[in-house]
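Q: Could you take me through one part of this model at close range? I work at the bench, so a connected account that I can follow with the structure open would suit me well.

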Amino acid sequence: MGLEMKLKIFISFIIFSFDCSAGEAFPEFGQPLEPAAVDAETSVVFAGGEGLPAGRGRVTDGARIYAARCIACHGVEGRGGPGGELAGGRRDLRAEQPDQTIGTYWPYATTLFDFIRRAMPMDAPWSLSDDEVYAVSAYLLHLNGLVAADATLDAATLAALRMPNADGFDRVEAPPVSDP
Amino acid sequence: MKDKSNVISSNKPTSDEQVAGNGLLDRRVFLRGTLGGAALAFAAPLAAAPRDALFPTQRVPGRPFENYGLPSPHERGVVRWVAATDGVPGNGISWTPLEQLDGALTPNGLHFERHHNGIPDIDPALHRLRIAGTVARPLEFDIEALLRYPRVSRQCFVECGGNSNAGWRRRPVQTTAGNFHGLVSASEWTGVPLAPLLDQAGVDATARWVIAEGADAFSLTMSIPLSKARDDCLLALFQNGERIRPAQGYPLRLVVPGWEGVLNVKWLKNLYLSEQPAMARNETARYTELMPDGRARQFTFTMGPKSLITRPSAQMRLPAPGFYEISGLAWSGHGRVRRVEVSADGGESWAEAALAEPVLPAALTRFRAPWQWSGQPAVLQSRVTDETGRVQPSRAALLAERGRHGYYHYNAIVSWAVAADGYVTHAYVDTPLETTPLEDLFMDDEWD
């Protein structure tokens with residue numbers, strides 16, 4: 001095979017692979033990422049516990065952290081303050097004035113860890129260690145009567161916790177997926 | 001000052017121009033020119049000498065050029081109303097002053113805002129977008145790379161899922177139309193369609209969701225069905241012709257046409273493909289709608305058909321009986337506006353309004369209807385039907401279906417009551433006046 005033929009094959013290979021990878025010849029300007037680098041950066045914690053980091057936290061430690069970092073916005077024991085009611089819900093969701101707290105409304109305990117870690121406290125998000133996030137999650141769940149005062153939470157126990165309103169939601173426009 | 005309404009009112013519409021009760025006229029009345037002729041009555045007599053008719057600004061040179069223009073200082077009252085949480089000034093909202101604007105697009109500086117923890121200052125040279133998760137080839141894009149792609153433009157609204165939620169209150173809130181319904185704005189967004197970039201990353205067949213994450217101090221994550229991401233989502237870099245403002249997501253915003261505003265993630269940094277949704281706080285504890293039976297609707301993405309009259313509207317005053325143009329906005333996340341009807345008698349009778357072109361899917365559509373106000377009390381309403389046949393519900397119908405605590409997706413017909421003295425107030429006309437001792441269940445400083 002002459003050089004010219006080799007070149008033709010090479011060029012057609014390039015064109016062919018471009019067409020294949022780029023769909024309708026849409027140009028590509030993205031840079032490939034190492035999957036390991038991506039996984040290390042993924043912050044989402046899923047309802048089944050996927051994405052929860054190592055670590056653990058006790059209710060008692062959570063109470064201490066809450067008093068220092070959370071109480072100004074969320075009030076004593078998660079009641080009052082401008083940040084919305086977190087605990088103390090007594091009225092049923094069908095009541096004329098329902099209580100929509102963590103204990104009465106939130107469907108997944110894992111959401112607590114995900115949200116506190118990414119967004120709380122609002123004056124210094126991402127400043128709590130993973131252990132501290134587990135501890136604050138544990139304290140809030142305790143305030144809602146869902147774990148004991150001496151409980152310790154980690155990835156396994158948090159993911160296994162079943163919330164009272166877990167089945168209370170209808171996924172109106174969600175694609176069909178298996179339950180998390 | 002001349003009172004135009006008095007002059008025009010002397011040119012009474014004929015009975016065949018009245019198409020609904022309480023003075024609503026045929027929307028085509030001006031095309032026939034029957035009322036327009038009255039305008040000639042205003043023509044001032046020619047001045048005797050040109051110099052006598054000069055305005056002062058014609059005698060002195062004007063100001064020099066400016067690099068970025070601002071509205072006239074006489075318009076400094078046309079601003080957003082801002083409200084934020086005590087102690088957390090970056091957690092709050094600002095409303096677009098809908099009643100002071102016209103047309104179907106929102107000026108960039110008046111686009112509504114809902115920030116959860118402030119507006120980040122992002123250096124575009126350092127910003128990255130990553131597409132990862134269940135993909136064959138995780139990809140990273142800097143802004144320079146995104147700017148190299150072929151672009152598309154799409155005119156659409158962004159509406160907060162919590163817009164108009166004061167409508168749930170037991171007594172009609174008295175504020176301007178914008179401070180009530182102004183968590184909706186519309187722009188022409190320009191950027192890169194998302195679908196081909198997802199293809200380049202090689203989305204796994206198991207993926208059903210795209211989890212979008214913002215680079216703000218809330219690290220907002222929202223789950224969007226992959227089918228929608230492929231259908232018409234846009235990686236927006238430009239808004240109304242200029243690069244997106246910091247408050248709207250600079251340098252990169254996900255635009256999700258017709259769906260809840262919170263999904264249009266600002267300061268976009270990650271798109272994570274997944275079989276499952278994130279079940280993030282803002283798709284479980286918030287942005288879900290509690291129903292009367294105690295169950296809650298979740299993943300209610302599409303903003304339903306909605307309209308309101310912006311002029312005349314609450315807290316305005318009609319100076320005298322006579323001619324007024326009723327003007328407002330209509331939209332639906334399900335598609336184009338097909339028809340807007342207006343009523344001047346609280347829904348007893350309806351007249352079709354004229355729609356300003358272009359009428360685009362999931363975009364704000366301006367409607368107009370001529371009205372001859374007799375000076376008697378009137379109740380102005382508008383009602384939209386979209387191209388799928390969905391009709392904006394009455395407040396009574398909405399409450400009957402959804403109860404009291406849905407909070408989000410309030411899209412009921414809005415009633416403005418015009419009193420004999422011309423003052424316009426917000427009214428409930430199809431639901432009984434409530435005298436319950438229960439307070440309205442709204443915390444003034446919680447925004448979603």
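A: Happy to. A word on terms to begin with: helices and strands here are DSSP runs, a helix being H or I over at least four residues and a strand E over at least two, numbered from the N terminus. With that in hand, look at chain B, where B:Pro319 sits in the loop that links β18 (306-311) to β19 (322-331). Is this proline buried, exposed or partly exposed? B:Pro319 has 13 C-beta neighbours inside 10 Å, so it counts as partly exposed; the exposed class ends at 12 or fewer, and the buried class starts at 20 or more. For a sense of distance, take B:Gly347: it is 28 residues from B:Pro319 in sequence, and the two C-alpha atoms are 24 Å apart in space.

Please keep in mind that this is a predicted model. For chain A the average pLDDT is 86, and 81% of the residues score at least 70. Residues 5-23 of chain A fall below 50, and that stretch has 7 contacts in the model beyond near neighbours in sequence.

Now to the helices of chain A. Helix α5 (residues 110-119) is mostly covered, with 10 of its 10 residues buried. Among them are A:Leu112, A:Phe113, A:Phe115 and A:Ile116, along with the charged A:Asp114, A:Arg117 and A:Arg118. The cover over these buried residues includes α6 and α7 (155-160) of chain A.

Helix α6 (residues 130-143) of chain A also packs against α3 (residues 59-69) of chain A, at an angle of about 95° and with the axes 7 Å apart. That angle makes α3(A) roughly perpendicular to α6(A). On the α3(A) side the contact includes A:Val59, A:Ile65 and A:Tyr66, while α6(A) brings residues including A:Ala135, A:Val136 and A:Tyr139. Sorted by class, this contact holds 8 nonpolar, 2 polar and 2 charged residues.

Finally, follow the sheet that takes in strands of both chains. It is an open sheet of 6 strands with mixed pairing, in the order β1(A)-β7(B)-β6(B)-β15(B)-β10(B)-β11(B). Its edges are β1 (31-32) of chain A and β11 (221-225) of chain B, each of which pairs on one side only. Within the sheet, β6 (residues 128-133) and β15 (residues 268-274) of chain B run in the parallel sense, paired over 4 bridges. To find this pairing on screen, look for B:Arg130, which stands opposite B:Asn270 in β15(B).

Notes. Residues are numbered from 1 along each chain as its sequence is written. Chains are lettered from A and ligands numbered from 1 in the order in which they are written. This is a predicted model: local features need pLDDT of at least 70, side-chain atom pairs count only at pLDDT 80 or more; totals for chains, interfaces and linings use all residues. pLDDT is the predictor's confidence in each residue, from 0 to 100. Two residues are in contact if their C-beta atoms, placed from the backbone, lie within 7 Å. Two strands pair if DSSP finds at least two bridges between them. Axes are lines fitted to C-alpha atoms, for helices over the stretch in contact, and angles run from 0 to 180 degrees between N-to-C directions. Angles under 35 degrees count as roughly parallel, over 145 as roughly antiparallel, 65 to 115 as roughly perpendicular and the rest as oblique.
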